[in-house]
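Welcome! Take a moment to turn the model around on your screen before reading on. Then we can walk through some of its features together.

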Amino acid sequence: FVESSCRSRIFWMKLNKLFLQGKFFQLEINDPYAGPILLDEKLASRCGYVLSEDVWGNPVFRASVLGCHVANEADELFSLILNIKVSSFSNMRAAVTYTYPMYCSYSSWASREIVCEENYMEVSVKTDVPAVSNDYTVAWMSALPETQYIAYQLWQLMFVSPSGRKRITVSDAAKLGYSFNNTLYRVYLRAPYHSNESDTSTVSGVNMNMITSTSMYRQRWLLLLIDTTVSCPVDGISFTDTTLTWTVPSIIPTLVVQESTFVSKNILMGIDDQVIVNPEEKNYFLEHNETHIRITIPIGAQGGKLKSSVSGGVYGVIYSIDLFLEHTWTDADWQTTKYTVIKSITTPFMPQIPTITNNTLPEERLFNVAFGHFLPDVSLVAITIGNVPFTLGEAQYHGFKIYETLFSNRTKGFILEVSFDDPYVLKEYMNKNETKYTLLINYTVSVGPEMTLYYHSAEVECVIADIELPKAVGYCDEENLYLSIPVFGLHQYWNLYLGNQLLNRHTVLTNGYLTATNSTHLVLQVPLFAVGITYEEVAFQKIKARFDVVLKKVRTMETLQMFSVSCTFNSSAFIICHPDGTVMVCAQMKTVPAIDMSKTKLRDSSCKPSEYDEGHAFFKFHVTTCGTSVRFEGDRIIYENEISYEKETLPGQSIPTITRDPDYRLTVLCYYPAKETVVLGAFASDPSTSPPFGSVTMVARPNTAVNRRIRQALNVVARVSKDKSFMEFYEHSVAILRQLKEPLFLEVELKDESPVTELYLENCWVTGSPDFNSTPRWNIIVDG
């Protein structure tokens with residue numbers, strides 16, 4: 001469960017997270033002389049250690065070969081022993097300890113080497129001080145540690161910062177978090193970022209944290225000064241929606257005093273501890289110029305890791321990658337400088353709103369909905385259809401099909417299949433033959449190792465033509481019309497209407513209809529003389545009648561279809577009152593002895609039957625003619641006339657007159673609702689230009705007019721008052737609108753000055769024309 005390597009003088013170790021899953025671990029540095037030393041953050045930055053995780057969550061340990069407790073053999077062979085302690089308890093009780101030695105061989109030292117790690121900066125410089133002896137005897141090697149210790153006490157450090165110069169001993173520097181020491185051939189300084197002695201400046205747009213220092217060794221007549229200045233980038237990361245870019249300055253002024261002598265020798269990039277030889281093959285882009293070295297990586301590229309996350313209820317991803325950059329250059333002051341930067345980069349949260357792909361199959365009446373794209377660390381845990389929540393097991397048991405699908409870009413999605421006929425699918429009747437099926441979905445997914453719940457709702461619709469409009473069948477018997485209609489869809493998709501009146505149980509009973517229903521059809525029986533019958537043709541002893549039913553949508557009242565049944569009936573006696581005021585009567589003789597039906601008449605004796613035979617007479621007239629009277633009863637208008645027989649009289653010598661005929665009288669009544677607007681009569685002019693029912697225009701009649709009694713017309717003037725005070729009057733030829741039964745205040749004035757003339761108002765009527773004899777006319781006052 002441990003992997004280790006040595007990369008560019010850095011120990012590199014990785015622990016397998018699967019081995020450590022559900023357990024706790026600690027690292028100890030096993031010093032051969034001091035024993036095990038627990039690794040903590042403070043010790044790590046001062047001693048050149050890094051403990052973190054890679055992008056996959058595996059614990060990673062790195063250490064400089066110049067770090068504390070590293071065994072150094074002639075600056076070429078290095079070894080470090082770690083104790084890995086693993087326990088099932090957080091207090092590390094009953095821990096198992098694994099001892100793991102690491103080795104590193106590194107001899108190709110540059111004159112100056114700089115390492116910019118995550119938590120420390122390190123510079124090591126070749127001293128070029130003549131060695132005491134070239135004879136590497138055992139005695140000489142055994143004396144080396146003591147020599148190094150004495151030398152350590154004789155070193156001092158000079159820091160130059162914006163606050164001034166500061167010279168301190170090595171021991172005091174250690175108290176401030178610095179680490180300074182010398183090996184056989186090198187001197188090194190290790191420092192934390194952003195210490196009090198450091199300074200931050202911008203180089204080519206990149207913020208650099210730098211420590212300007214000089215290491216001094218003084219002993220009697222010998223004074224050795226070494227430049228141990230170090231500078232490392234602290235930012236330089238930028239992101240787009242698709243890429244991340246890491247920028248490092250090519251030339252750092254504090255490290256290159258004579259820029260004119262600067263020559264870049266080699267630039268390497270790597271991921272984790274592996275050098276990328278041909279970055280372009282992996283879609284990595286390494287570019288450099290006089291000012292910048294820039295690494296650009298597509299988000300999601302191999303070597304990094306995309307991780308799902310939820311922020312503010314929004315699903316998104318985070319991309320992480322561990323990079324390192326190694327730049328080697330030469331200049332006049334330093335023969336060779338090797339500059340290594342190790343950078344762990346994580347993008348900000350990038351929202352990735354999941355998409356809903358509707359792959360519904362209308363011909364199979366099946367919703368097929370894809371929900372994605374997600375990374376492998378996302379799993380579907382529950383689903384809500386309509387307003388009903390299901391676990392995945394419950395959903396499968398109910399009949400929903402849910403399964404995962406993999407996409408080419410290493411993402412996945414979730415497929416849901418639901419039948420149109422499922423009870424949790426909403427159904428809405430749309431047009432004449434179409435249904436809209438709506439699937440309301442709410443997904444619950446578990447995101448990442450933290451198992452954060454994320455919710456996403458979707459609405460999928462499909463409209464298909466899967467409804468067949470009903471086909472009605474009509475037929476008749478001697479007295480009734482019948483309409484047979486399929487019951488499928490009634491009251492669910494559509495309703496039946498009689499005009500604008502819903503054909504329900506109340507309407508059926510009120511109008512005298514009968515209904516019968518079986519498993520497939522509704523049969524409506526309508527009597528010939530019931531309400532709602534349209535009489536297309538009425539003649540002598542013959543009626544052509546039609547009954548219409550309208551099919552309308554339940555919700556929108558849109559008319560879809562009209563069903564009609566039309567039949568011709570032989571009827572010997574009937575009274576039909578048309579909405580326009582036309583009355584047709586077929587009167588039947590029921591007298592003994594028989595009478596001559598051709599001699600029957602209405603109140604106005606000029607109104608005779610238009611057709612007749614021995615036993616029947618057929619009259620057709622308008623309610624405003626033939627002496628028809630009108631009266632109001634409650635909310636009804638009643639028009640009344642009478643059919644009677646003109647008796648023949650025998651000449652006699654004296655009163656009484658003798659007649660041989662029986663009395664024949666037939667009262668004709670037509671009822672109209674007073675609260676409904678009904679056009680009673682047709683005007684001689686174009687109906688479209690006629691005034692609406694209920695309007696009145698007073699027209700002055702000229703004195704030359706002749707009335708029906710063929711007498712000299714008097715000078716009579718009629719006016720309409722605006723109210724009962726008779727103080728204000730309407731002008732002539734002005735339309736006056738009145739509702740039925742609303743009072744009209746009339747004033748009739750006789751202008752003739754003859755003292756023998758009196759005015760009696762016998763009959764008053766309204767017509768649609770100035771012609772005195774025009775018909776039809778509407779009576780206002782009859783018989784005074």
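Two strands count as a pair if DSSP finds at least two bridges between them. Keep that in mind for the hairpin below, and remember that what you are looking at is a predicted model.

**The whole chain**

Let us start with the overall picture. The protein chain holds five helices and 61 strands. Of its 784 residues, 42% are buried. Its accessible surface is about 42,400 Å², and carbon and sulfur atoms make up 52% of that area. Among the contacts with a separation of 6 or more, 60% link residues that are 24 or more positions apart.

**A hairpin to find**

Which way do strand 14 and strand 15 run relative to each other, parallel or antiparallel? They run antiparallel, with four bridges joining residues 179–182 of strand 14 to residues 186–191 of strand 15. Four bridges satisfy the cut-off of at least two, so these strands count as a pair. Together they form a hairpin, with three residues between the two strands. Look for Asn182, which stands opposite Val187 in strand 15. As background, side chains in a regular strand alternate between the two faces of the sheet.

**Backbone angles worth a look**

Most residues other than glycine have a negative phi, and most peptide bonds are trans. With that in mind, here are two cis peptide bonds in this model.

| Cis peptide bond | Omega |
|---|---|
| Gly372 to His373 | about -5 degrees |
| Val592 to Pro593 | near 5 degrees |

Where do the second residues of these bonds sit? His373 is part of strand 31, which covers residues 366–374. Pro593 lies in the loop between strand 49 (582–588) and strand 50 (600–601).

Now for phi. His69 is not a glycine, and its phi is positive, near 65 degrees. You can find His69 in the loop between strand 6 (59–64) and strand 7 (71–73). Arg410 is not a glycine either, and it has a positive phi of about 65 degrees. Arg410 belongs to the loop between strand 34 (401–406) and strand 35 (412–419).

How accessible is His69? His69 has a relative accessible area of 25%, so it counts as partly exposed, a class that runs from 20% to 50%. Arg410 counts as exposed because its relative accessibility is 61%, and the exposed class is for values over 50%.

Note on methods. Residues are numbered from 1 along each chain as its sequence is written. This is a predicted model: local features need pLDDT of at least 70, side-chain atom pairs count only at pLDDT 80 or more; totals for chains, interfaces and linings use all residues. Side-chain values use heavy atoms; hydrogens and water are left out. Buried means under 20% relative accessible area, exposed over 50%, partly exposed in between (1.4 Å probe, protein chains only). Contact means heavy atoms within 4.5 Å. Accessible areas come from the Shrake-Rupley method with a 1.4 Å probe; for residues, only the protein chains shown count as cover.
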